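Subject: Structure handover

Hello,

Here is the structure for you to load. My notes on what turned up follow below it.

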Amino acid sequence: MKFSNVSAIAFLCIFAQPVAKASTFYVSPHGNDANPGTARRPFQTLTHARDAARRSKGMGKTILIEPGRFFLAAPLTLDERDSGVVWRGMGPKASTEVYGGLAVTGWTKWKGGIWRARVPKGIRFWNLVVDGRPAVMAQVPKKGSGFGGGAQRIDNKSVGVPPEWRGYDYSDAQVFAFIGGNWFSEMRQVLTAAPDRKGVLSVDGGSGNFGGMNERFCIRGVLEFLTEPGEWCLKHNEGFVYYWPKTGTPMSHVIVRPVAQTLLDVHGKSRNEPARNITFENLSLIGSDFCPRWYLFADGEDGSTPEPLQQGMVFSENVDRLTIRGCKLLAAGHSAIWLNKASVHCIVESNLIMGAGFAGVYANGWTLGKGPFKSAAESYVNKGHRIESNFIYDCGQFVAGGCGIQLYQSGDNLIARNEIGDMPRYGISCK
């Protein structure tokens, strides 16, 4: 092959261009955000590492996170500026632990086996995480077929309590209730701090689907119901959380109060400007909050989760190829991973997912007839995911219609070699 002088010079210039260097940033629980983020002088917080990666001009960006515990006072938020970044835990077996909340400390013995600790007064939370598992909110009945435990359904919006319960404080109480023919459940918020003179508590009306609340329910979140090890209760007006540990004392456990319903929020600017190629590997993502009320289906719709309840400990929207690989996702308040609306080509692979309030993985497209679309083909924006080789166990902690994997208006997905167990209703559900 022959080159002219001009073409040879052009050829050499093309291949002589400097190659942008890859950038690696280090984070340690014992680091300092004033450091440069090197292996010897790491950052301390994930948000500072994120911001440093955004400023970096390198093509390949990796954030390496040392083993230890990171407690988040707010969700870690990523967007299109974080495209191409790999977040990787450095220790064996996902020993880098990222909590979606703050540690509860300062425990003192209260009475019997119950301890209590101060938390911010006036702030509610609905999930207490103990050693990576959701503790049981104090409730009656505890289990079995003693529905109501002495309380009685009056109608879809009220329950009656027996005389011995009428002096209790219901400010933080909920009613977990099955609806209709027991296919689904809802979580109702108790709307009155105390029953009326007849012992009647008002609760929210839920969705009203399938005839509303039936006789199969329990009341939870009342301090007097805290009678067994493993249970907890909040008194938000007093600023105390109460807990009876199964073993030892609270100080021998990692106890966390979630601060939000999401731990990790990956949210691109739009469908046309998504966050792309973001990867999380070898991390433990632990704990997010539930909510005061959870109800079934949006108004007039069959199968869709209401918009305010489209939540996940890991949440994505307007993303292309979010990868969660080799991670532990524990004690999510809602679903562990929620791939929402315009989410495509996401990979959920070789993870351990346990103790989620709703589903392990939920891929949720737009509801029929909704969204800024001119045709059905244009609305097909949730697709192409690979959900493979995960162990998904013991979900549906707060929603009895929970499952391992749920697909709603999502297609062209590969779901293979997942082991799913101990679910309240489905292993895999497609709607």
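First, a term. A pocket here is an open set of grid points, on a 1 Å grid over the protein atoms alone, where a 1.4 Å probe fits, with protein on both sides within 12 Å along at least five of seven lines. Keep in mind that this is a predicted model.

The pocket

The largest pocket has a volume of about 1200 Å³. Its lining is made up of 39 residues. Closest to the centre are V136, Q139, K142, K143 and Q397.

What is the make-up of the lining: how many residues are nonpolar, polar and charged? The split is 20 nonpolar, eight polar and eleven charged.

Four elements give two or more residues to the lining:
- β11 (133–134)
- β12 (136–137)
- β16 (174–179)
- β19 (213–220)

Of these, β19 supplies the largest share, with four residues.

The sheet

There is also an open sheet of three strands. Its order is β14-β15-β18, and the pairing is antiparallel. Which strands lie at the edges? They are β14 (152–155) and β18 (200–202), each of which pairs on one side only. From one strand to the next, the twist averages 30°.

Now the β14 and β15 pair. Strand β15 covers residues 158–160 and runs antiparallel to β14. Three bridges join the two. In one bridge, R153 has V159 of β15 as its partner.

That is what I have for now.

Best wishes

How values were computed
Residues numbered from 1 in each chain as written. Predicted model: local features only at pLDDT ≥ 70, side-chain atom pairs only at ≥ 80, totals over all residues. Heavy atoms only, no water. 1 Å grid on protein atoms, 1.4 Å probe; cavity = no way out; pocket = protein on both sides within 12 Å on 5 of 7 lines; lining within 4 Å. Points joined across faces, edges and corners; volume = space filled by probe spheres on them. Nonpolar A, V, L, I, M, F, W, Y, C, P; charged D, E, K, R; others polar. Pairing = 2+ DSSP bridges. Axes fitted to C-alpha atoms, helices over the stretch in contact; angles between N-to-C directions.
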